[in-house]
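Please open the model in the viewer and keep the sequence panel visible. The tour below proposes a series of selections and states what is found at each.

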Amino acid sequence: MTVDAVTRTANVARATLYRHFPSGNDLLAAAFNSLIPPSPTPPAEGTLRDRLVALVLEQAENVAQAPALMTAMSWLSLGRDLDGLPEPRHARSADSTSITTLRERIAQQYAAPFDELFDSPEAAELGEVDRSRAIALLIGPVVLGRLSTLPDFDYRECALAAVDGFLHVQRAQGRAAAATIESAGA
């Protein structure tokens, strides 16, 4: 897709398009922004494990049902080097507000339900949780499996393994941190 193709299809002049969207990347950001589904809500009841499994599975379903989201994330992961579209010279120096806002919205979409869960009283046993690492460990394997289309891939089994592994490591780290604090105070 090119800016010329968009202007032809929309039957508008290039200047009109750039008046509304300073760059081709801003136009893509606006398009992707309209396609991103709302954030999932973590279940209010159940054990911490059950709630994490449900959240990871819901994220996997979102990925499977929303290829536009994956396209947007892939496009955003390119960072500032979004040189696939011709842009006015002034727009090339830094990310636009539209791109930054879209990045923030996607990050928030993945972080918000996990933040809610990790801020719950049940999660206190985990100690301090590196939220970005937790999200990568929990949904990364499931997302990769959902996108890989491997014939024998069971994303539910993968979600259980990811949650169990995360909880095991996080609880061990929480106990070690508590023991260190306790021995320092003695």
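Helices (H or I, at least four residues) and strands (E, at least two) are DSSP runs, numbered from the N terminus. This is a predicted model, in which local features need pLDDT of at least 70 and side-chain atom pairs count only at pLDDT 80 or more, while totals for chains, interfaces and linings use all residues. Residues are numbered from 1 along each chain as its sequence is written, and side-chain values use heavy atoms, with hydrogens and water left out.

Begin with threonine 41, which lies in the loop between α3 (24-35) and α4 (48-65). Threonine 41 counts as exposed (over 50% relative accessible area, 1.4 Å probe, protein chains only), because its relative accessibility is 56%. Add leucine 55: its C-alpha is 7.5 Å from that of threonine 41, although 14 residues separate the two in sequence.

Next, select helix α7 (residues 131-148) and helix α8 (residues 155-185), whose axes (lines fitted to C-alpha atoms over the stretch in contact, with angles from 0 to 180 degrees between N-to-C directions) come within 9 Å and cross at roughly 165 degrees. α7 is therefore roughly antiparallel to α8 (over 145 degrees). In their contact (heavy atoms within 4.5 Å), the residues of α7 include Leu137 and Val142, and those of α8 include Ala162 and Phe166. The residues of this contact comprise twelve nonpolar, two polar and two charged.

Finally, colour by pLDDT, the predictor's confidence in each residue, from 0 to 100. Among the elements of the protein, helix α5 (residues 67-76) has the lowest mean, 58, and α8 the highest, 88. Over residues 81-93 the pLDDT is below 50. Where pLDDT is low, the predicted coordinates should not be read in detail.

Terms used. Buried < 20%, exposed > 50% of the residue type's maximum accessible area, 1.4 Å probe, protein only. Parallel < 35°, antiparallel > 145°, perpendicular 65-115°, else oblique. Nonpolar A, V, L, I, M, F, W, Y, C, P; charged D, E, K, R; others polar.
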